[in-house]
Amino acid sequence: MASCGSACDQSHCRRPDDSGGAEEDVPERFSASRDSDTSKTAGGGDLARCSKCGEEPKAGTHRVLNGMCASCFRSYLYGKFKLAVSTNAMISPTDKILVAFSGGPGSRVALQFVHEMQKKSLESWDASKSQSFPVFGVGVAFVDESISSVIPSPELDRIFKHIKLIVSSLVPGHKDLHIAPIEDVCSMGSDDGTTRLNKLLNSVSDATGKEDFLDHLCMLSLQKIALDNGYTKLVIGSCSSTIARHVISATVKGQGYSLPADVQYVDARWEVPVVLPLRDCLTDELSLLCQLDGLETLQLSKRPSSSNSINNLVSSFISRLQDDNPARERTIVRTAEKLKPFGFNKFVENKYHEFIPSRLRCKFQNTNNGGSDLAEVFCTFCMSPLSESELHDMHGKSQTLVDTFTAACCQSCSFQILPKESESLQHFLSFLPQSMTRKVADSTLEQSLLR
Amino acid sequence: MGDSDASSRSKRAAARLCSICNQRQAALKRPKTLQQICKECFYIVFEDEIHKVIMDNNLFRRGERVAVAASGGKDSTVLAYVMSQLNRRHNYGLDLFLLSVDEGITGYRDDSLETVKRNEIEYGLPLKVVSYKDLYGWTMDEIVKAIGLKNNCTFCGVFRRQALDRGAALMKADKIVTGHNADDIAETVLLNILRGDIARLSRCTIITTGEDGPIPRCKPFKYTYEKEIVMYAYFKKLDYFSTECIYSPNAYRGFAREFIKDLERIRPRAILDIIRSGENFRIATSTKLPEQGTCERCGYISSQKLCKACMLLEGLNRGLPKLGIGRTRGNNDLKKQREHGNSVPKITDSNLQSKQCGSLDF
């Protein structure tokens, strides 16, 4: 196997199909450290020019990544963003986009780039005579998860003020800011969401299960905000680094079947489809951009870090691997890309037909999904499509609501979230958010109709 | 002394009864399920689970001649022992024999081979040893002398795989069984994800491989935890050789192994979950996978013109130790390497592929 030839996915080949594999990332790291040295010695030497635009760096600035100057680096990242948005028809002129903001670099950059895109559209709308194409609307959502960590309320107020400041600084184009505590999805009628959520969390004994359950609730919160306020798309700032961690975590939790659903650009399982425009960037790149451009991020210790959490173990494992080889996160995502995505990982309706460049329209015709016309059954908690064996277990169970409920549940959630004893299970189920239990009632009806 | 002490003592004693038979004292905590069980019940569940795997996956047919790949290490010793036990107990009707590979590593392999020779007597299974020297004209000692300690595991692994096949063919075996355990397979799934090797990822969880080839090989220990194998060997006082290969470097697999050990501590079932994930991965039809053909020189299975073993051997015989190692490098890459002065640690194929004392290619 000395020759690589065309089938470059072979075992001994580290070089991936597209260019920019392992070898290229190694020099990036290297020249970054060397750059800081040369800039200290008043920018001399043979790496004086930006590798893209060939400009000499001004005094006081330094090259950042792969010999690029700050502005080339910025357009490199924005270029990735734009490419993802256009190839996947993520944003169309009639959309109302909700950007999920967590305070981290990914969502901050996502917010910034969406804003810049809106700004450009507004400018050309202003300039155009006909003004026939509308400009998409943008809103920002922040889910307050302070219930699971101990943040004193003056600190919390400061955080909210800070976020308001960030959002209001993004002009032109007014953006509504929605801040909702995560317990809101759990409130039922007059019952306070906080007590219900605390009861739920106390029923989950597994540390990883608790974290994942909060993640699912966070997504439900975002969906609620989007639905209540008429948003058509939800943008999240997940990048390759996040996705690499999810790939390994999901593998470790036995979710090999559903894994491809979570790692694509588009996730249309939800009522408000979720899109990931920063999927091809790395956390390091995004943090660097935040530093360069003074984009403010919030260091929110969202949850107490648990030594028993599989998610934390995976995260530190991948950080170690990434330090050892800066191409690792990308390679992991690339592997996951070779797995078969689901039908809902694409926009197949022709709603946006007229807004898609003609050369890309064929991509969005109703393609033959290779037999996956069967509607997938989703786990009540994590929305994972259930595999055949999980479905098999489901049909074996009886028809009572409790059993049907626990049956429409993937084996991972069943193990790490659901309490084992039937009494505590009943207790747990009674406090679940309505948006979760409603789905079950619907599927129970479907199942009984099918029989 | 009083009633309270006696009752607390009896409570403690009661708490330590085997959770399966409820009669005997619990002697160990089962790594897979964390149950407290006695030795006898442990033997029973351990052997029964393997029997179930063999039955559920139709690993063998009656009358088959099966080569048990034996290195003298814990996995293969327990494998030989359990296979002969189950063969007798459940009447599989298999013709078992031990097949061992002598890589020619003085101070290591000759010691472990002694263990296998003792196994031959202890288990009553005939032994056949094939050596690298006979098959390839090179011992590992000679190879290491020629190429150093960087890519030696690649050579050993590739050569051993072929050596097992050739030995099995010589002995007219119908099947090979290896002692790859759940930890091994979980590590391999992770490694293949980390390396982007989708072709291997799709194959590595299959319990019987090479069914379309001359001699299929299967892994009855696919769902057996390494810790349990060690416990079984310990309690049964089985004779095995437990030293690391003297040439094994810090293999890349070590990263994955450490991670899996940490994982097992938090959630023991995670090892089986990784294997389940591996089994459930569906490869996109658009992905290009290598085509299976045969080696021009030796006729062995290969996706290239020459199989890896022939390629490596060619390199050895021509004094080109890097032939067949890594990707083809253009001049550009060599220049980059020199610029860096190798200050950045490079992950080469050997590191990626290295596993001590085990064949890698599934």
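These are my notebook entries on a predicted model with chains A and B.

**Ground rules**

I number residues from 1 along each chain as its sequence is written, and chains are lettered from A, with ligands numbered from 1, in the order in which they are written. Since the model is predicted, local features need pLDDT of at least 70 and side-chain atom pairs count only at pLDDT 80 or more, while totals for chains, interfaces and linings use all residues; side-chain values use heavy atoms, with hydrogens and water left out.

**Entry 1: the two chains**

I began with the element counts. Helices (H or I, at least four residues) and strands (E, at least two) are DSSP runs numbered from the N terminus. Chain A has 16 helices and 6 strands; chain B has 15 helices and 10 strands.

Next I looked up burial, where buried means under 20% relative accessible area, exposed over 50%, and partly exposed in between (1.4 Å probe, protein chains only). In chain A, 51% of the 451 residues count as buried. For chain B, the share is 57% of 362 residues.

Then I checked contacts, meaning heavy atoms within 4.5 Å. Of the chain A contacts between residues at least 6 apart in sequence, 73% join residues at least 24 apart. In chain B, 70% of the contacts with a separation of 6 or more come from residues 24 or more positions apart.

**Entry 2: the sheet in chain A**

Which order do the strands take? I read E3-E2-E1-E4-E6-E5 for an open sheet of 6 strands in chain A, with mixed pairing. E3 and E5 (266-267) stand at the edges with a single partner strand each, so one side of each has no neighbour in the sheet.

Two strands pair here if DSSP finds at least two bridges between them. In general, strands of a sheet pair through backbone hydrogen bonds, either parallel or antiparallel.

At the E3 edge, E2 (residues 137-144) and E3 (residues 176-181) of chain A run parallel and are joined by 6 bridges. I found A:Ala141 opposite A:His178 in E3(A). Between these strands the chain passes through helix H4 (residues 153-168) of chain A, and this β-α-β crossover is right-handed (with the strands pointing away from the viewer, the path from the first strand over the helix to the second runs clockwise). H4(A) lies across E2 and E3 of chain A, at about 170 degrees to E2(A) (axes are lines fitted to C-alpha atoms, for helices over the stretch in contact, and angles run from 0 to 180 degrees between N-to-C directions).

At the E5 edge, E5(A) and E6 (residues 274-275) of chain A pair in the antiparallel sense over 2 bridges. A:Val266 has A:Val275 in E6(A) as its bridge partner.

**Entry 3: A:Phe136 and A:Gly137**

I stopped at the start of E2(A). A:Phe136 is in the loop between helix H3 (105-127) and E2 of chain A, whereas A:Gly137 is in strand E2 itself. Buried or partly exposed? A:Phe136 is buried, with a relative accessible area of 5%; A:Gly137 is partly exposed, at 22%.

Setting aside residues up to four places away in sequence, A:Phe136 touches several residues, including A:Ile91, A:Pro93, A:Val114 and A:Met117. On the same terms, A:Gly137 touches A:Asp95, A:Lys96, A:Ile97 and A:Gln118. I also noted that the C-alpha atoms of A:Gly137 and A:Thr94 are separated by 8.0 Å, with their positions 43 residues apart along the chain.

**Entry 4: the sheet in chain B**

Chain B also has an open sheet of 6 strands with mixed pairing, in the order E5-E4-E3-E6-E8-E7. Its edges are E5 (127-131) and E7 (208-209) of chain B, each with a single partner strand, so one side of each lacks a neighbour in the sheet. E7(B) and E8 (residues 217-218) of chain B run antiparallel, joined by 2 bridges, and B:Thr208 stands opposite B:Cys218 in E8(B).

**Entry 5: nonpolar cores**

A nonpolar core is a set of buried Ala, Val, Leu, Ile, Met, Phe, Trp, Tyr and Cys residues joined through side-chain atoms within 4.5 Å. The largest has 85 residues, and those with the most contacts inside it include A:Phe213, A:Phe381 and B:Phe259. Helix H6 (residues 207-228) of chain A gives the most to this core, with 9 residues.

Where does this core lie? Domain 1 (11-23 + 72-373) and domain 3 (388-448) of chain A both give residues to it, so it lies between them (the bounds come from an automatic or database domain assignment). Apart from it I found another core, of 44 residues, among them A:Val99 and A:Cys281.
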